Amino acid sequence: MKVALGVTGCIAAYKAAELLRQLQQRHLEVQVVMTRHAQEFIAPLTFAALSGQKVITEMFDRSGTASSNVESAIEHIAVAQSIDLLLVAPATADILGKFAHGVADDFLSTLYLATKAPVVIAPAMNCEMWDHPAVRENVATLQARGVRVVEPEEGYLACGMVGQGRLAANDKILEAVCETLGLVDDFVGETILITAGPTQEDIDPVRYITNRSSGKMGYALAEEALRRGAQVVLVSGPTALKPPSGVEFVPVRTAAEMGAAVKKHFKNSTIVIKAAAVADIRPAHPSASKIKKEKLPAAIALEPTEDILASLGRSKDGKFLVGFAAETGLTPEGTRQKLKSKNLDLLVANDLNEVGAGFDVDTNHVQLFRLDGSVRDVPLMAKARVAGKILDEINHLRKR
Ligand code: CTP
């Protein structure tokens, strides 16, 4: 998800640098927008270095030609469509007035009018200004329009006075952002290692054995885990999907590569979810050069790949281990047996014979097999929602 962080000219502008870091820790992509006055208090370079993105300070790029000026304006306005939230912190009395009255004389005020994304504002100013009827009316107008205002706090102000006007604590601002974006934090502090997609096992440099996994379930889990505050390492076989922004992405191709990547990241993870459809077999003698068609053998000798999940189960070290089982015809006894033999904490099973469940579709119907022998049925629903149910179950089981 992407947030535009508007910084306006006030002594608290430096606090926005730390706020930017905290937004990034919640895996949010941040585009910083500064007003001209904000740059009197803190340099755009600070935000550019922290966000890894150019800071927008002007409506037009005056350094270039007329056409590049127009291009930059169009590019900037595209920000309005691309963001999920506009946050202004600190927000001066001036920007509140512009927003309330539809004045669009710089980039930030234009962005406010141009975006349909929700808006969160954290004002900071002298207490007399905050109490002034003009400011009170502007705040009321914005709140009536649905803007969320994180009120300033009481305390010593930079001007030497004591009163309400100090920028709210970053944690409060972050809480308002997360609530507005629907981000929950029940996996903050967890590092979740997720595998997804198929693996490819080479016959020769051109041909390989693979399976029909699309990676959709694993990627949905990664997205959901990020949304709920986890650090996510996504080890993925080849898929057509874009990795969710915020994951540590580890692309692999073969079962052996997946095994090595998983073992490398296992140590630092607290939860492992193995949604990948790892090939169980691979050609025993892959050819280093392309086999001519007239020389293709009638049969290819195969050997088993390492069962990565079973290996992890043998050296579990207190981690919560979740396996997947895609079966054609589920038998509860067989599935329970798999849960035990691989030393798992939870097994997510689905029946490939069922319409809408399994490979390369956007929905799934799964059954969650627990260690105590009980089973929870998660009816057919979008994979994104199934991912939420799986994480709910993990949370529930870990708290017991
Ligand atoms: N798995 C793995 N390494 C393998 C094969 C499977 O880590 N070489 C993991 C998958 O990521 C998945 C789980 O094992 O979490 C399910 O495997 P499944 O498809 O049921 O295969 P098997 O356990 O090998 O079961 P079966 O004998 O029924 O094929």
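**Exercise 1.** In this predicted model, determine whether aspartate 360 is buried, partly exposed or exposed, and describe its backbone.

*Solution.* Begin with the relative accessible area of aspartate 360, which is 47%. Buried means under 20% and exposed means over 50%, so aspartate 360 counts as partly exposed. Next, locate the residue: aspartate 360 is found in the loop between β17 and β18. Finally, turn to the backbone, where aspartate 360 has a positive phi of about 55 degrees although it is not a glycine. Most residues other than glycine have a negative phi.

**Exercise 2.** Find the place of asparagine 343 and state its phi and its accessibility.

*Solution.* Asparagine 343 sits in the loop between α13 (332-341) and β17 (346-351). Its phi is positive, at about 60 degrees, although asparagine 343 is not a glycine. With 36% relative accessibility, asparagine 343 is partly exposed.

**Exercise 3.** Work out the strand order of the open sheet that eight strands form, and name its edge strands.

*Solution.* The order is β12-β11-β8-β13-β16-β17-β18-β19, with mixed pairing. The edges are β12 (248-251) and β19 (375-382), each of which pairs on one side only. Within the sheet, β13 (residues 271-274) and β16 (residues 320-327) pair in the parallel sense over four bridges, and lysine 274 has glycine 323 in β16 as its bridge partner. Helix α11 (residues 255-266) packs on the sheet, touching β8, β11, β12, β13 and β16.

**Exercise 4.** Identify the form of the peptide bond from alanine 89 to proline 90.

*Solution.* This bond, from alanine 89 to proline 90, is cis, with omega near -5 degrees, and proline 90 lies in strand β3 (residues 85-91). Most peptide bonds are trans.

Terms used
Residues numbered from 1 in each chain as written. Predicted model: local features only at pLDDT ≥ 70, side-chain atom pairs only at ≥ 80, totals over all residues. Heavy atoms only, no water. Pairing = 2+ DSSP bridges. Helix = DSSP H or I, 4+ residues; strand = E, 2+ residues; numbered from the N terminus. Contact = heavy atoms within 4.5 Å. Axes fitted to C-alpha atoms, helices over the stretch in contact; angles between N-to-C directions. Buried < 20%, exposed > 50% of the residue type's maximum accessible area, 1.4 Å probe, protein only.
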